Number of protein chains: 4
Amino acid sequence: MPTTVLNMSRPLGHSELLQRYVQIRDFSRRLAAPLTPEDCGIQSMADASPTRWHLAHTTWFFETFVLKSSAGYRPLDARYEAMFNSYYNTVGQQFPRERRGQISRPGLTETLDYRAYVDRCMMDCFSAEAFSESQLACIELGLNHEQQHQELILTDIKHVLFGNPLFPAYGLPADENTATRCGDDVLRPLDWSSSAGGIVDIGWDRIDGFAFDNESPRHQALIPPFRIATRCVTNGEYMEFIDDSGYQRSEFWLSMGWNQVQLAGWEGPLYWIRQDGQWLQFTLAGLLPLDPAEPVCHVSYFEADAFARWAGKRLPTEFEWESEAVKSLQANPLIRGSPVRFADQILACQNTLHPQVERVGDSPTMLGNVWQWTSSQYGAYPGYQAAAGALGEYNGKFMCNQFVLRGGSCATSSSHIRAAYRNFFPPEARWQFSGLRLAW
Amino acid sequence: MPTTVLNMSRPLGHSELLQRYVQIRDFSRRLAAPLTPEDCGIQSMADASPTRWHLAHTTWFFETFVLKSSAGYRPLDARYEAMFNSYYNTVGQQFPRERRGQISRPGLTETLDYRAYVDRCMMDCFSAEAFSESQLACIELGLNHEQQHQELILTDIKHVLFGNPLFPAYGLPADENTATRCGDDVLRPLDWSSSAGGIVDIGWDRIDGFAFDNESPRHQALIPPFRIATRCVTNGEYMEFIDDSGYQRSEFWLSMGWNQVQLAGWEGPLYWIRQDGQWLQFTLAGLLPLDPAEPVCHVSYFEADAFARWAGKRLPTEFEWESEAVKSLQANPLIRGSPVRFADQILACQNTLHPQVERVGDSPTMLGNVWQWTSSQYGAYPGYQAAAGALGEYNGKFMCNQFVLRGGSCATSSSHIRAAYRNFFPPEARWQFSGLRLAW
Amino acid sequence: MPTTVLNMSRPLGHSELLQRYVQIRDFSRRLAAPLTPEDCGIQSMADASPTRWHLAHTTWFFETFVLKSSAGYRPLDARYEAMFNSYYNTVGQQFPRERRGQISRPGLTETLDYRAYVDRCMMDCFSAEAFSESQLACIELGLNHEQQHQELILTDIKHVLFGNPLFPAYGLPADENTATRCGDDVLRPLDWSSSAGGIVDIGWDRIDGFAFDNESPRHQALIPPFRIATRCVTNGEYMEFIDDSGYQRSEFWLSMGWNQVQLAGWEGPLYWIRQDGQWLQFTLAGLLPLDPAEPVCHVSYFEADAFARWAGKRLPTEFEWESEAVKSLQANPLIRGSPVRFADQILACQNTLHPQVERVGDSPTMLGNVWQWTSSQYGAYPGYQAAAGALGEYNGKFMCNQFVLRGGSCATSSSHIRAAYRNFFPPEARWQFSGLRLAW
Amino acid sequence: MPTTVLNMSRPLGHSELLQRYVQIRDFSRRLAAPLTPEDCGIQSMADASPTRWHLAHTTWFFETFVLKSSAGYRPLDARYEAMFNSYYNTVGQQFPRERRGQISRPGLTETLDYRAYVDRCMMDCFSAEAFSESQLACIELGLNHEQQHQELILTDIKHVLFGNPLFPAYGLPADENTATRCGDDVLRPLDWSSSAGGIVDIGWDRIDGFAFDNESPRHQALIPPFRIATRCVTNGEYMEFIDDSGYQRSEFWLSMGWNQVQLAGWEGPLYWIRQDGQWLQFTLAGLLPLDPAEPVCHVSYFEADAFARWAGKRLPTEFEWESEAVKSLQANPLIRGSPVRFADQILACQNTLHPQVERVGDSPTMLGNVWQWTSSQYGAYPGYQAAAGALGEYNGKFMCNQFVLRGGSCATSSSHIRAAYRNFFPPEARWQFSGLRLAW
């Protein structure tokens, strides 16, 4: 396993990784805890996966890329290799993606047993300090991989529950997980930060911690002067776009976006429901009135781009976004150390599972509330090399017909958020916690 | 509720119906018992439904057509009316059929609670002898409706389990539910029964018990002389057709059938798997070697028709089939009473959940092993009238692009089998326990 | 070539056939004459074919089934064998049906050259009286085949021209080909003819002339007493169904029909256009006001069946229809000779290319105006045997998911109309000249 | 009409434009001359259009954007406005793109009449020097628009003719339009040009002539040092990729590309046919043996990218490509004047309608042979603004899910080729004359 994949400046040792392994693996289990066995089996569309599949696939990752190279490892069930392979052609056959919700066995209990079996084997190796450097690197990748799937567990189950006419909530009691509603008076007014542009450093800084290969190599880019908003677009602002016939006027839309609007009959963001002249919003806490002060969320690139054009502005490029995010993090008095890494202590909205109002008086940060579409199509940085072997399939083979999102969301673990992080989705996708920030 | 739907000669009273109600409702629960909550939620194709949906929909039937006309009935959840409506436009909205596997709530436990709630309300009315004549008739229809769905629970879950690369068995231990394998020497040789034809009586005889509206009116039909096989086509005979390139020679096939073979890549009946040059068959007891003596099963009309043409024979019409079945039942010394009703005591294969070899020395009967495709397209008998209202949607609106099957199968309850019974499926369907009997 | 296909009682000789050959072949050319080369190339849907393809395929028929068995015949272009094979698997490869409109060569001129080439070869053989009995039989089949395609040329080009926003007319000047409009006072009032039913003879009578194999064997059928309308349903009557929300009320429709109405957004027959509150109808003479007295035309089986249910009546079976048609022909003073063959002299509407009003005082005949949907699904008569070889694919392989239409239309050549003739189309098809006649 | 769309440095006057108008309009007519009326009507796939549509739409452009704003203009047929509108939502309704091949009227003759009518009106205005500045700018845009469609006429008809089993040639005699075949000894060996990178100027230089809005604004970009091939990849080199199982090894492909290969069953470039172990290639001169020395053509982005990865190289970015192209043009002794404009005199292959072998001793130029895929996804240059109104729909609304191609092809008019020109197509498109040049 080439370490280029893992971009480790200082690889973590057994004990440090063990601690993270236990925490992160346990968090997946906790995410599934409020769900019934039936909930965990549903695949609501081809792009999403059942919770149970996420629990098994993340386990498969450690089994396939770590344990199978350990002496004496015996798989719990050899047939899981193909069943829980997502897209690694190098590993071999894959159960068809669109049929992940069509198999009932292994059930939830057996899937948790599978997790426990693999965890036990991992623990034994951790205890014996038996992992090679390369295996340790793979474990760190596997933990970051699992954190990605933890966010997908939440976005996918939200889509599942929304498809049910009963509109059930994701199991937590409302008072714990609901965003507190607040009036427009607490909303931070829209302001613009100016940047002189010039040559900036982009990508993972090799100073601290893990990054995915697509954040490398760090390189220089030339950007013109620009202005970028100090907060995201809100539901209230987005309603003005709707009320101004935004979804009926082709002049704001990319050609493919306009087709999509017609085809899918879009009239507002995903999870917005108009009832008796009022907008409601489906959330992980159930169906709630729409708060105009909250950042707009669950919009596609097409909608983000059309809104920006309607507003006489544009979306930032990912380089503009990153240079500004680094600047804002460095200016934040609460942040010590890494200039591009997101600090836990400012993660106000984390674990609310819903975007938070950006309030007057908050230290402005661009991270951790909603993913923000950029105008950048997802491609390789200059000099990018995918790793050899299966893990080379992790990021590089998706560099086509996707747009970059930046910032992390209320459903992203705080330790998984950083300024250099590049998320990517097709322009029509909107079941992620995706919003936008304007630039000009 | 017009009694024409129910075709009752002597409507059953409260006590007799109560006994049947308890038995039949309980049998649905028992059918689901070997399954996990995850099993019960899967919809493997648009034509099939999840077990949980069958459990809920059959309950909805009593709630909608019986209890809602009872004074003081309050639904457990008013939203179930649309969620579990299958196709009754007259009742109102329906949750989209192809999305039945996409909702996780109500889960299995809540669904069984829904059953218990409705059963309790039914029991109260039974105790009070509170049902009207028309309600009693609807209850008898509902029980026959539930028996139809009991067979579908089995055919649909078989399809679900087959779609899983683990090929899991439906929960019963193999020694209870597996057909005993036997050699070719016990197979009854193929023989032909001759009929002189002429004018025959077709349809429900109004002498005894329940029939669906599509079995009426009883009427006369003129049939030419014919010969019909005394047993069904076997796996071994069907393998000869395959070995003679039956699936590669267009001359045996209807045009639409030939297209289907190409499109779907059919090379043998559903559930047949060729492994290392050997045919295996997926059954409710798991993956087993194919027994050449058993009746061939899970073939489409297209395959049945092509086989018959290859064999130089044809499929019987439904009138030929029925006249012969009545004759064979009347000749059976074990049968007393109704000439067209299937007697429990000869139901050797019942509850094996797998077709039985038709053995030397068995009293030949045409019923209760595999459904048999006829050459008759499903239509109305002369003078047929669908009932007014929602229950008029039960049978009549499907009289298009379907073929009639006769005989009942190893998955049909014996009390639900009769000579006049008309089952119907599109010509490409093959997930039912469907085989064939030759004629000429 | 087995004569069973051709059902010839008295096979025609060289000279008689030659005369028909010249007439019928020339009529195809005349049908194409008003069209441009561009018109002749369009395929407006997979079910229809370009005019040029019809001209080539009917020629291919004689080349393939007659000339190729003649000594010394050399095809004009060997590649045409596959290009113009419609569906004869026994002959070999076929150019994909849905791509018939995607090839521009051979163009119209070359296609007419191909016709001339084959006609010359045929003439040579006719002159030499060189055809065998079997070839003569094939020629007669080929001429009837060409007459079928002549009707398709008209129905298919009507569909092509309708798809053009310019709504062009099929080349004839309006005063020649337009049906004369007339008031309701000339419309024959709806009346019912009663039949006592009983055992009737059905199918080709072997007395006179050609019939297709699917009209045989002549056999007896038992029909109950019935009443059948003395004229077809009119546009005016059909408008009442529309105005009574016929297309919005599911209770009148077969389940598949109701789905089709939703899916395709049907609100009236094909070619009806509502403009400024008025119904117009696209005809081969262009867009014209709808005449309420004309027979309704271009309805599907689904619509015919739904209309009948709305009217409290039903469609006749094909046996009822045929027995009544024979009776009406026999009663007609203008008809001499064959009891089941349609006489040219009563063919008032022929070559108008539009259905005619059934007027007071006309001798009632059931033939030659619009095809009439029956409630009979298309299947084999008892004892039906398809021929061996390619011509056995002519009719038998389509006996599935189609309904029988009877009577011939204003676009059918009069010499191709007879009471025993069985046309068949899927229940959703409506680009044929198809209407309905009620029964009860 | 805002002049920003047209990017005119020095707008052309009436007389200069008139001359170009006559030449370019006439060239469209000449391109259609070898085709039959039937050829001109075919649409072989939704992405392509019939020749006749191209002839009409380019005419519509002048009518809509120039003549309709001229006093007293009367359209030949007002219905053409919607019929020949391609995608301008601002103009109004559009005839459905995928149905362009389904209308036969106006036919070829009437379409040429339409062209003549509009040309006459244009001539009148030219003679009267009646066009405004803004109209003159639109005319220049319209002429460049027509040149784009002239290339599409060729690429689209090539696809049409290839779909015909007769493989007809586009009408020219072979000796005029066929590339001369030549041996490998004349092929220029693969060599690499090195660039130091740094800050380069990108985009239209405002010095000379027309450019599309998407080539503006001219701006600076920072590029790292790179090497780029001095000629394109050849058929011979591409065959090595195929022989090395390039189409069977997922590791070379983008994920979407790999899916496409499976789905479409690709085994080589479009128009390559393997016959008896030999590769043939369909060209506008018919089916010819494949010349290994010619540039590979008709590959998709997916294939270009996979080939590059197999070769251990990559595709250039569009900025690398442009900076190198400008350098090569400036170094070319034959070129005088504009640094980014392609000179007619070096256009060796022009009008051959087939890519030319890049020969030893030729002055290397990167332009005018095959379009070359770059790794750049098509997006806006910094500060890009689409024009207001309908012409703003020209380029900007397609900036999504497309990749940039550079260089112009053997089917591009020489006056339409320049270094700054940005062509764009989806990554799966391959019916354009598209090849590739390696970089690293």
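Visitor: How many salt bridges does the rule find across the interface of chain C and chain B?

Guide: The rule asks for a side-chain nitrogen of Lys or Arg within 4 Å of a carboxyl oxygen of Asp or Glu, and across the interface of chain C and chain B it finds 0. This is a predicted model, in which local features need pLDDT of at least 70 and side-chain atom pairs count only at pLDDT 80 or more, while totals for chains, interfaces and linings use all residues. Side-chain values use heavy atoms, without hydrogens and water.

Visitor: How are the residues of the side of chain C that touches chain B divided by character?

Guide: With Ala, Val, Leu, Ile, Met, Phe, Trp, Tyr, Cys and Pro taken as nonpolar, Asp, Glu, Lys and Arg as charged, and the others, Gly among them, as polar, that side holds 16 nonpolar, 9 polar and 1 charged.

Visitor: What makes up the area that chain C and chain B bury between them?

Guide: Buried area is the accessible area (1.4 Å probe) that two parts lose on being put together, summed over both; here it is about 1900 Å², with 60% of it on carbon and sulfur atoms. In chain C, the residues C:L222, C:Q377 and C:N401 lose the most area to chain B, together 30% of what that side buries.

Visitor: Why are chain C and chain D described as related by a two-fold rotation axis?

Guide: Superposed by least squares on the C-alpha atoms of residues with pLDDT of at least 70 in both, chain D can be laid on chain C with an RMSD of 0.0 Å by a turn of 180 degrees and a shift of 0.0 Å along the axis. The two copies are therefore related as by a two-fold rotation axis.

Notes: Residues are numbered from 1 along each chain as its sequence is written. Chains are lettered from A and ligands numbered from 1 in the order in which they are written.
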